[in-house]
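Visitor: I should like to understand how the terms used for a protein model are justified. May we go through them one at a time?

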Amino acid sequence: MNPLNSPLEVGVRALVLLAESHPEPMDIAQLVALDHVVLHSGDFNGPPSLHPNLPARGGELGMKRVVLEEALLVLIRAGLASIVDDNQGLMYKATDRGPAFVDVLEASYVDSLRERAAWAVHRFAARSDARAATQEIIERASAQLARSGAGYE
């Protein structure tokens, strides 16, 4: 198994985001967008990006949802996250075990991830209109893709 961008890696990132927003749930669109922001925080006037600034990084958004859905299933099976049926649709949230699990992870990458997740969740997810915040993230990523000259024509 290749651990890079696998359900396991994406699951850890999703769990860090869900732990930061705990007990508030997030929908799949928020998680996709926030995962992108966490990895490329420098593009959003945040802390330095965790991943390299590759020209086609905006294209990651289209591929991320499938792996994220698999990752969320891993988290749910492990008892670290759950599905919540809310008036806005299906949402995901960390269980009480989720933040405790994140707290025991001791890698420097996880520390950097937690720092960026805290920034991203409070900068984008805490807004009253989550869809508008998600749209802003997508528009900024698309603009970055266009500026890099890696757009699809």
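Guide: The following conversation sets computed values against the definitions behind the terms.

Visitor: What kind of model is this, and how many helices and strands does the chain have?

Guide: This is a predicted model. The secondary structure comes to six helices and two strands, and along the sequence they follow the pattern α-α-α-β-β-α-α-α. The chain has 153 residues, of which 39% count as buried.

Visitor: Why is α2 called oblique to α5?

Guide: Helix α2, residues 28-39, and helix α5, residues 108-125, pack at an angle of about 125 degrees, and their axes are 9 Å apart. Roughly perpendicular covers 65 to 115 degrees, and roughly antiparallel requires over 145. An angle of about 125 degrees fits neither class, and therefore α2 is oblique to α5. The crossing of these two helices is right-handed.

Visitor: Which residues make the contact between α2 and α5?

Guide: From α2 come Gln30, Leu34, Val37, Val38 and Leu39. From α5 come Tyr109, Leu113, Arg116, Ala117, Trp119, Ala120, Val121, Phe124 and Ala125. By class, this contact has 12 nonpolar residues, one polar and one charged.

Visitor: What makes α1 oblique to α5?

Guide: The two helices pack at an angle of about 50 degrees, with their axes 9 Å apart. Roughly parallel would need an angle under 35 degrees, and roughly perpendicular begins at 65. The value lies between these cut-offs, so α1 too is described as oblique to α5. The crossing of α1 with α5 is right-handed.

Visitor: Which residues take part in the contact of α1 with α5, and how do they divide by class?

Guide: The α1 side consists of Glu9, Val12, Arg13, Val16, Leu17, Glu20 and Ser21. The α5 side consists of Tyr109, Leu113, Arg114, Ala117, Ala118, Val121 and His122. The residues of this contact divide into eight nonpolar, two polar and four charged.

Visitor: Why does Ser21 count as buried?

Guide: Ser21 lies in helix α1, residues 7-21. Buried means under 20% relative accessible area; Ser21 has 10%, and therefore counts as buried. Leaving aside neighbours within four places in sequence, Ser21 is in contact with Met26 and Val121.

Visitor: Why is Pro25 described as partly exposed?

Guide: Pro25 is in the loop between α1 and α2. Partly exposed is the class between under 20% and over 50%. Pro25 has a relative accessibility of 21%, so this residue counts as partly exposed.

Visitor: Which residues does Pro25 touch, not counting those up to four places away in sequence?

Guide: Pro25 touches Gln30, Met91, Tyr92 and Lys93. Although Pro25 and Tyr92 are 67 residues apart along the chain, their C-alpha atoms are separated by 5.2 Å.

Visitor: Where is the cis peptide bond that involves Pro23?

Guide: The bond runs from His22 to Pro23, and its omega is near 10 degrees. Pro23 is placed in the loop between α1 and α2.

Visitor: Why is Asn45 called exposed?

Guide: The cut-off for exposed is over 50% relative accessible area. Asn45 has 67%, and therefore is exposed. Asn45 lies in the loop between α2 and α3. Its phi is near 60 degrees, a positive value in a residue other than glycine.

Visitor: How do you know that β1 and β2 pair?

Guide: Two strands pair if there are at least two bridges between them. Six bridges join strand β1, residues 81-86, to strand β2, residues 89-94, so the requirement is met. The two strands run antiparallel, and a hairpin joins them through two residues. As an example of a bridge, Ser82 has Lys93 in β2 as its partner.

Visitor: What makes Ile137 a buried residue?

Guide: Ile137 is found in helix α6, residues 130-147. Its relative accessibility is 1%, set against a limit of under 20%, and therefore Ile137 counts as buried. Neighbours within four places aside, Ile137 is in contact with Ala33, Leu34, Val37, Phe44 and Phe124. Ile137 and Leu34 are 103 residues apart in sequence, and their C-alpha atoms are 7.9 Å apart in space.

Note on methods:
Residues are numbered from 1 along each chain as its sequence is written. This is a predicted model: local features need pLDDT of at least 70, side-chain atom pairs count only at pLDDT 80 or more; totals for chains, interfaces and linings use all residues. Side-chain values use heavy atoms; hydrogens and water are left out. Axes are lines fitted to C-alpha atoms, for helices over the stretch in contact, and angles run from 0 to 180 degrees between N-to-C directions. Helices (H or I, at least four residues) and strands (E, at least two) are DSSP runs, numbered from the N terminus. A crossing is left-handed if the near helix is turned anticlockwise from the far one by less than a right angle, and right-handed if clockwise. Contact means heavy atoms within 4.5 Å. Ala, Val, Leu, Ile, Met, Phe, Trp, Tyr, Cys and Pro count as nonpolar, Asp, Glu, Lys and Arg as charged, and the others, Gly among them, as polar. Buried means under 20% relative accessible area, exposed over 50%, partly exposed in between (1.4 Å probe, protein chains only).
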